[in-house]
Amino acid sequence: MRRIRIWMTVLLLLTTSGLWAQSAYDFIIRNRNFSASNYCVYPDSVQYHQTPPPAGMHPFYLSHYGRHGSRYLSNRVGYDTPYRMLCKADSLGQLTALGKTVKQELERIINDSEGRWGDLSGIGKQQLRHIASRMIMNYPKIFEGEANIQARSTTINRCVMSMGTTLQQLVAINPQLHIDMNASKRDLWYLNHQDLQLRDSMKSKRATQAYNAFSDPRMKNPRLMQLLFTQTDSLDKSISERWLNYYLLKTALIQQNTHMVDSTKLIDLFTNEDIHLFWQVENVWWYIQHGASLLNGGHQPYSQRYLLRKMIVEADSCIRMKNPGAQLRFGHETVVLPLVCLLGINGFDFKTMKLEELEPKGWWACLVFPMASNIQFVFYRKNNYDRDVIFKVLLNEQEATLPIETDIAPYYHWRDFRKHYLKMLDDYDKL
């Protein structure tokens, strides 16, 4: 419950002040888990304000893309990297008493995760059940009676399980729903498109140099080394201060997504300053990889151009139906973040070459893609013949803004949206 209250405070401050805080440090002091980047837990059970639609308008269709819920670490590498370093030091008699305790704690975490790598956790299932329940609660007309629900997922187990958990909850509330569910490689071209050309351009020489200049001084932690090792001047070459600090902190932060959250104290190894520096490095890394960074051309968000075009085409089709219901899509944070940047939701289309500008400008990736993060387009009209369809966009169930004009904020005219974004996609295809 404390974790939920902190998230509520964060979201309230960011949305009601009209101004992003100048530093994430204040939020990290309140809740260190806020620094976890894509390992953040979903701000579950938060009651968001729902702005009434214009008079006579009612919801009739929902289009969604969501990340899987909270999961275990996807593979052993993140745990093995610090564990092997500690094992090496232990074999040389160079671990302090605290270092031995940390090594044992890593063993316990690894044993708990064995056979569960990348799996949806119990916390993740709860997140998805709650999101599904709020969908029906907030938009009952979309899900009433024998409404049609089309659901598609990538073929990764945690995404399939997320889809299944969501649909199970919807049917538990309304057993009359018609469900069309599938997880097939045939849908990966838009659900999880991998643009090799854009991927190759992520790490341009200029971007790499800028990232290294930003991250190198922030990745050191001599205080941690002195806590764990009896001597730091003659450690084996395989023991890296940079990567021990990085992976130990990531290990500590991902535990908030599992039942281990209340039984591990690894986070206590780090100061608030340590954690803030880690947050800064992670935030910059995600910006270069998926944001509109001018260091590598500013085009990375277009990796999700097929998904956006697909959502527009399918929305156009559903608008012509009497009772279209909902379309739910399940995938990954590496889709959610660039899609948000491509759409320019809440100013996440921000472009810069100066990585130091991200934090004060409010480009905080952790607010976009926590576990179970989602984007929802909720469509409204007066009747089945109404051609002036409007919609609002929700980021993690919170009303969000788009970089297009509107006279009915936070709602937008669908015709304005499709005109703006189809032109944007067409212009990119001409490059």
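Which residues of α5 are buried? In this predicted model, they are I123, G124, Q127, L128, I131, A132, R134, M135 and I136. Let us use this helix as our starting point and walk outward from it.

Begin with its geometry. α5 has 17 residues, which at 1.5 Å a residue should span 24 Å, and its end C-alpha atoms do lie 24 Å apart, in agreement with that expectation. As for what covers its buried residues, the partners include β1, α6 (157-173), β4 (325-331) and β5 (374-381). The spacing of some buried positions is easier to read with a general point in mind: an α-helix has 3.6 residues a turn, so residues three or four places apart point the same way.

Now look for empty space. The structure holds 2 cavities of 30 Å³ or more. The largest has a volume of about 50 Å³, and its lining is made up of H64, G66, R67, L128, I131, M135, T166, F330, A372 and N374. Two elements, β1 (58-67) and α5 (122-138), each give two or more residues to this lining. Sorted by class, the lining of the largest cavity comprises 5 nonpolar, 4 polar and 1 charged residues.

The second largest cavity contains about 30 Å³ of space. Around this second cavity you will find Q50, I131, R134, M135, N138, Y139, Q376, L394 and E397. Here α5 is the biggest contributor, giving 4 residues to the lining. By class, the lining of the second largest cavity has 4 nonpolar, 3 polar and 2 charged residues. I131 and M135 are worth picking out on your screen, since they appear in the lining of the largest cavity and also in that of the second largest.

What do the side chains of E397 and R134 form? They meet in a salt bridge, with 2.7 Å from N to O. E397 sits in the loop between β6 (390-395) and β7 (398-399) while R134 belongs to helix α5, so this pair ties together parts that are 263 residues apart in sequence. Both partners fall under the 20% cut-off for buried residues: E397 has 6% relative accessibility and therefore counts as buried, and R134, at 9%, counts as buried too. In general terms, side chains of opposite charge can pair when their charged atoms come close.

That pair belongs to a wider set, as 26 salt bridges are found in the whole structure. Another one joins the side chains of R242 and D216, again with 2.7 Å from N to O. This pair, too, links distant parts of the chain: R242 lies in helix α11 (residues 241-254) and D216 in the loop between α9 (205-215) and α10 (222-228), 26 residues apart. With a relative accessibility of 35%, D216 counts as partly exposed.

For a local example, turn to helix α16 (residues 414-429). K423 forms a salt bridge with D427, and their closest N and O atoms are 2.8 Å apart. The two residues are 4 apart in this helix, which means that about one helical turn separates them. K423, at 52% relative accessibility, counts as exposed, whereas D427, at 34%, counts as partly exposed. Finally, R76, D80, R84 and E114 are joined into one network by salt bridges that share partners.

Note on methods. Residues numbered from 1 in each chain as written. Predicted model: local features only at pLDDT ≥ 70, side-chain atom pairs only at ≥ 80, totals over all residues. Heavy atoms only, no water. 1 Å grid on protein atoms, 1.4 Å probe; cavity = no way out; pocket = protein on both sides within 12 Å on 5 of 7 lines; lining within 4 Å. Points joined across faces, edges and corners; volume = space filled by probe spheres on them. Nonpolar A, V, L, I, M, F, W, Y, C, P; charged D, E, K, R; others polar. Salt bridge = Lys/Arg side-chain N within 4 Å of Asp/Glu carboxyl O. Buried < 20%, exposed > 50% of the residue type's maximum accessible area, 1.4 Å probe, protein only. Expected span 1.5 Å × (residues − 1). Contact = heavy atoms within 4.5 Å.
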